Amino acid sequence: MMKIIASIFFIILSLGLFAQDTLMFQETEGLYSKAKFGANRKHFVHFYSGIGFFLPGSDQEKIKYWNSHSLILGLRYKYKLTGTFATGFDIYYKKDNFRFTQTNDILPEENFFDKERFIVHGMGPEYYFRINFDNNRGDYVGNFIDIGLYANWLFHDTYKVYDNSDSQLFSKCKKTYKNHSHLNKFNYGLTLRMAKNAYVLFVHHRLSDYFDDHYGYIDLPATTVGVIIGFHN
């Protein structure tokens with residue numbers, strides 16, 4: 001009787017060890033496979049936002065540069081080629097806000113106003129090529145330089161003038177003009193970015209004109225310098 005019980009116990013124990021070996025083999029098969037999505041993986045997507053300021057151009061005396069700025073909000077995709085190189089594209093929205101020192105050729109009047117603002121809303125894609133400087137950075141974006149090309153569709157613009165009429169203490173909006181007929185709806189340019197992980201210093205240089213040049217409008221600044229913050233670790 002003891003031999004029968006011992007034999008049954010041995011068979012059960014053998015089956016248990018065999019099942020455990022099979023389970024361990026199945027679980028460890030993909031133990032060291034890397035995830036494809038992440039900051040330093042094959043694919044990575046994140047949002048970002050930033051602000052930029054315009055560098056003086058040929059008509060610099062007509063623009064209040066420190067009161068003019070560009071706001072950016074975008075979605076960026078990165079495809080990792082190697083530990084050093086990557087590429088990708090953005091989809092972004094940009095709002096340019098220009099403030100002027102005097103009446104200029106954008107406004108179809110010869111009057112002088114206290115304040116003038118030209119606001120342009122645009123969106124578009126950007127392609128870039130990235131060079132990373134820290135190959136052993138772990139699952140982080142790391143330090144890098146981006147070189148890219150962008151396109152911009154200007155889908156809406158507004159020109160506002162303000163005046164202190166009737167001895168008012170505060171300037172009030174007097175007229176608003178929308179969708180300037182001689183504004184180039186599409187423009188394009190170059191991008192340079194230098195980053196330390198989520199903090200990015202960028203330079204945008206527009207190659208196209210804001211307005212049809214044969215109408216003789218003011219030459220708006222072509223270069224924007226600013227800071228972007230990526231929404232990632």
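Start by selecting Asn187: this residue is buried, at 4% relative accessible area (buried is under 20%, exposed over 50%, partly exposed in between, using a 1.4 Å probe and protein chains only). Asn187 sits in strand β7, residues 186-196; strands here are DSSP runs of E, at least two residues long, and helices are runs of H or I of at least four, numbered from the N terminus. Now show what Asn187 touches: Tyr150, Ala151, Asn152, Leu154, Arg206 and Ser208, leaving aside residues up to four places away in sequence (a contact means heavy atoms within 4.5 Å).

A quick word on what you have loaded. This is a predicted model, where local features need pLDDT of at least 70, side-chain atom pairs count only at pLDDT 80 or more, and totals for chains, interfaces and linings use all residues. Residues are numbered from 1 along each chain as its sequence is written, and side-chain values use heavy atoms, with hydrogens and water left out.

Keep Tyr150 and Arg206 selected and add Lys94, Asp96 and Thr224. Together these five are the closest to the centre of the largest cavity, out of 13 lining residues. A cavity, on a 1 Å grid over the protein atoms alone, is a set of points where a 1.4 Å probe fits but cannot get out, and lining residues have an atom within 4 Å of a point. The volume is about 100 Å³, taken as the space filled by probe spheres set on the points, with grid points joined across faces, edges and corners. Colour β3 (85-99), β5 (143-163) and β8 (199-206), since each supplies at least two lining residues; β3 has the largest share, with three. By class, the lining has six nonpolar, four polar and three charged residues (Ala, Val, Leu, Ile, Met, Phe, Trp, Tyr, Cys and Pro are nonpolar, Asp, Glu, Lys and Arg charged, and the others, Gly among them, polar).

How many cavities of 30 Å³ or more are there? The count comes to three. For the second largest, select His46, Arg76, Arg130, Phe144 and His232, which lie nearest its centre among 15 lining residues. Its volume is about 70 Å³. Strands β1 (43-54), β2 (69-80), β4 (115-132) and β9 (223-230) each give at least two residues to this lining, and β1 gives the most, three. Eight nonpolar, four polar and three charged residues make up the lining of this second largest cavity.

Next, the aromatics. The whole structure has 12 aromatic pairs (rings of Phe, Tyr and Trp, the last by its six-membered ring, with centres within 6.5 Å; planes under 30 degrees apart are stacked, over 60 edge-to-face, the rest tilted). Pick Phe118 and Tyr159: their ring centres are 5.8 Å apart and their planes at 45 degrees, so the pair is tilted. Phe118 is in strand β4 and Tyr159 in strand β5, 41 residues apart, so this pair links distant parts of the chain. Both Phe118 and Tyr159 are buried. Then go to Tyr210 and Phe211, another tilted pair, with centres 6.3 Å apart and planes at 40 degrees. Tyr210 is buried at 5% relative accessibility, and Phe211 is buried with a relative accessible area of 5%. Add Phe54, Phe98 and Phe100 to those four residues and you have one aromatic cluster on screen.

Last stop: colour by pLDDT, the predictor's confidence in each residue from 0 to 100. The chain mean is 81, and 72% of residues reach 70 or more. Over residues 8-13 pLDDT stays under 50, with zero contacts beyond four places in sequence. Residues 17-31 also stay under 50, again with zero such contacts. Where pLDDT is low, don't read the predicted coordinates in detail.

Key: 1 Å grid on protein atoms, 1.4 Å probe; cavity = no way out; pocket = protein on both sides within 12 Å on 5 of 7 lines; lining within 4 Å.
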